[in-house]
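Me: I've just loaded this one and would like a close look at a single part: the backbone spot that caught my eye, and how its surroundings fit into the rest of the fold. Could you take me through it in one go?

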Amino acid sequence: MAKKPIPEMNLGTVQITTPKTQLRRMSTMLWGPSGAGKTTLAATAPRPILWINFDSDGTSSLMDQPEIYIADFSTESPNKVVTFKHENAGGVKSLLDEHEDIQTVVFDSITSFNTMALQHGITEVTGATFEAPQLAGYGRRNSYTMQAVMSLVKLTAKYNKHCIFIAHEDVPQKDEMSGALIVSILIGGKMQAEIPIRFSEVWYLHDT
């Protein structure tokens, strides 16, 4: 029996697709303690890889691996976080336009970006300091971090590129009711729950 042809349909300005015709790309978050192998695993993604680095010495384990191009923001001024909230995502859009061969974008790490976002956020709040950021300072931090993640996820989806976000593990905390240890992502506030839902895959790495 012949298969029925896929009908051409639109919902407003959006073209209707099927699971088979959907663009296939990897959208992943890797998190875990230092030394668990997050960077090494991310480096196995399809190359060439654009590596957006915010971790001090975060790419040292990559050594001289070919086709990994590192944009190191770890020593830049904290106000760089502002550029990642826009459609161009810190210049990534322009670079992908010029270098269509790039297959994967790695963001390393959300945790370090989050710290930079706080450092910049407190400069926009009167009386806030890094030691006492105030609610408004934390709010700016959360906003800049969330917007950066959303901008880059949306951009890489538009260009059909794989994207991998790396995050570090927070200090384990004990649940007051059950006494169980709770391990979560080292990012502030509700973002521990809100950011992972932006990805199709969330992988926890732990060295056993």
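Reply: S109 sits in the loop between β6 (104-108) and α3 (110-121), in what is a predicted model. The bond that leads into this residue deserves a look: D108 and S109 are joined by a cis peptide bond, with omega about 5 degrees. Most peptide bonds are trans. This model has a cis bond from R47 to P48 as well, with omega near 5 degrees. P48 belongs to the loop between α1 (38-42) and β4 (49-53).

Now step from S109 to the start of α3, at residue 110. I110 is one of the residues that touch the most other members of the largest nonpolar core, along with I52, F107, L152, F165 and I195. That core holds 33 residues. Setting aside residues up to four places away in sequence, I110 touches M29, T145, V149, F165, I166, A167, I187 and I195. Two of the names in that list, F165 and I195, are themselves among the core members with the most contacts to other members.

Looking at the core element by element, β6 and α3, on either side of our loop, each give two or more residues to it, as do β3 (27-32), β4, α2 (92-98), α4 (134-158) and β7 (162-168). The largest share, 7 residues, is from α4. As a general background, nonpolar side chains tend to be buried together in soluble globular proteins. There is also a second core, separate from this one, with 13 residues that include A36, A45, I68 and L205.

After β7 comes a charged residue worth inspecting. D170 lies in the loop between β7 and β8 (173-174). This aspartate is buried but forms no salt bridge, and R141, the nearest side chain of opposite charge, is 9.4 Å away. A salt bridge needs a nitrogen-to-oxygen distance within 4 Å, so a pairing with R141 does not count here. Beyond its sequence neighbours up to four places away, D170 is in contact with S184, I185, L186 and Q192.

For backbone comparison, two residues in the loop between β4 and β5 (68-72) have a positive phi without being glycine. M63, in that loop, has phi near 50 degrees and counts as exposed because its relative accessibility is 67%. E67, also found between β4 and β5, has phi of about 60 degrees, and at 40% relative accessibility this residue is partly exposed.

Notes: Residues are numbered from 1 along each chain as its sequence is written. This is a predicted model: local features need pLDDT of at least 70, side-chain atom pairs count only at pLDDT 80 or more; totals for chains, interfaces and linings use all residues. Side-chain values use heavy atoms; hydrogens and water are left out. Helices (H or I, at least four residues) and strands (E, at least two) are DSSP runs, numbered from the N terminus. Buried means under 20% relative accessible area, exposed over 50%, partly exposed in between (1.4 Å probe, protein chains only). A nonpolar core is a set of buried Ala, Val, Leu, Ile, Met, Phe, Trp, Tyr and Cys residues joined through side-chain atoms within 4.5 Å. Contact means heavy atoms within 4.5 Å. Lys and Arg count as positive and Asp and Glu as negative; His and the chain ends are not counted.
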